[in-house]
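Dear colleague,

I am handing over the structure below, and after it I set out what was found. Please read the notes with the structure open beside them.

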2 protein chains.
Amino acid sequence: MNLSDKVINRLTLYYSILLGWRAENITSAQIAALLRIDASQVRKDIKMLDNVGVCKVGYPAAALKKSIEQTLGVGKAKEAFIVGAGNLGTALAKYDNFAPYGLNVLALFDNDPLKAGRIINGKEVFDISRLSDLTRRLKVQIAILTVPREFAQSVADLLAASGIKYIWNFSPSILQVPDDVRVWNENLVGNFLQFTINHKD
Amino acid sequence: MNLSDKVINRLTLYYSILLGWRAENITSAQIAALLRIDASQVRKDIKMLDNVGVCKVGYPAAALKKSIEQTLGVGKAKEAFIVGAGNLGTALAKYDNFAPYGLNVLALFDNDPLKAGRIINGKEVFDISRLSDLTRRLKVQIAILTVPREFAQSVADLLAASGIKYIWNFSPSILQVPDDVRVWNENLVGNFLQFTINHKD
């Protein structure tokens, strides 16, 4: 199934609702009201999923949750390192909404010797010099990059040389990487401008 | 002009490149290579903008930068409070890529008495009890919500009652707010899943 970014985004939000849902069934109107979107949009998205029954009282919540899990690949564990143990790296290491989606942060890295050895939310901070070795030995493919702008490119070079294949880039730098490495720019200011320019409900 | 989210996102990335660009001209191929997208896409986006000349050596960088500024409303100052002075709130208060886009964080708020009075990147942390008064007096409309999940709804209620009109929600909670308040869910895990599901370059 080829899902558009917007559909993936909405499915993730439906899943967030289902994680805290206690009733047996849930209606498209209930989901739509919480997210302030059209119920017809919710029904259209759910229609694309496999194995979700529908009855007069709505969708069975457990089946819907399971189907979204399969569609989003939530079950498949994705292991990642956070590179940069500053405030943002620390916040992401503590963020409690990654694990339900299968994203498992194994450790953090930083170039500050004072930070090495610290434990953040059960994850150890290693000196950056350990990155290549640990990436190879643990076969980690995903790095979450949270270093300051001025270090972003040199750290990206190190990540690529260490075998990292996906860089989730939170720094406001445009990175240059080899062809076999994919970069997702977490363009925070772009997200914000989308929100304020298009005053959509 | 009604811009799609994807166009706004790309324009923001072009603007990021231009902020650090030193040459007089820039070509669509140069922008495309940095972002690993099609040059034809870059040309199409720029064609929509006003007042950007084009010549054999590319676009004049200064005119392109100015035109994107006008299109994105970068010049218009947008004042915001950060609510929650934990790691994420602190990281966002220190983030150096908001100011170039006109987003000005005035202060932070927290319910921890030990944090009140701290200065983060030149911005004071106030006790949450001061929020309503300061929102009204400074006419701030935007709140960046970075409190833990379990406090998100009660803080959103306070924000709405205080006159905040836009909530940029970094907590993984679905918020219920009055009709005149708009919420943008910064769905980090959704962004991540878009990246790993659709392995697009």
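**How the two chains meet**

The contact between the chains draws 62 residues from chain A and 62 residues from chain B; please keep in mind throughout that this is a predicted model. Together, chain A and chain B bury about 5900 Å² between them, and 62% of that area lies on carbon and sulfur atoms.

Across this interface the rule finds 2 salt bridges, and one of them joins the side chains of Asp96(A) and Arg149(B), at 3.4 Å from N to O. The rule also finds 10 residue pairs in polar contact across the interface, both residues being at pLDDT 80 or more. On the side of chain A that touches chain B, the elements giving two or more residues include α1 (5-19), α4 (61-72), α5 (87-94) and β9 (182-185) of chain A, while the largest share of that side, 10 residues, comes from α8(A).

As for symmetry, a turn of 180° with a shift of 0.0 Å along the axis lays chain A on chain B with an RMSD of 0.0 Å, and the two copies are thus related as by a two-fold rotation axis. Among the residues of chain A, Asn87(A) comes closest to that axis, its C-alpha lying at 2.4 Å. Because 100% of the interface residues of chain A are also interface residues in chain B, the copies meet through the same surface.

Finally, the largest nonpolar core has 99 residues, and Leu64(A) and Leu64(B) are those with the most contacts inside it. Leaving aside residues up to four places away in sequence, Leu64(A) touches several residues, among them Leu18(A), Ile31(A) and Tyr59(A).

With best regards

Definitions and conventions: Residues numbered from 1 in each chain as written. Chains lettered and ligands numbered in written order. Predicted model: local features only at pLDDT ≥ 70, side-chain atom pairs only at ≥ 80, totals over all residues. Heavy atoms only, no water. Least-squares fit on C-alpha atoms with pLDDT ≥ 70 in both. Contact = heavy atoms within 4.5 Å. Core = buried A, V, L, I, M, F, W, Y, C linked by side-chain atoms within 4.5 Å. Buried < 20%, exposed > 50% of the residue type's maximum accessible area, 1.4 Å probe, protein only. Buried area = accessible area lost by both parts, 1.4 Å probe. Salt bridge = Lys/Arg side-chain N within 4 Å of Asp/Glu carboxyl O. Polar contact = N/O pair within 3.5 Å; in protein donor to acceptor, adjacent residues only side chain to side chain. Helix = DSSP H or I, 4+ residues; strand = E, 2+ residues; numbered from the N terminus.
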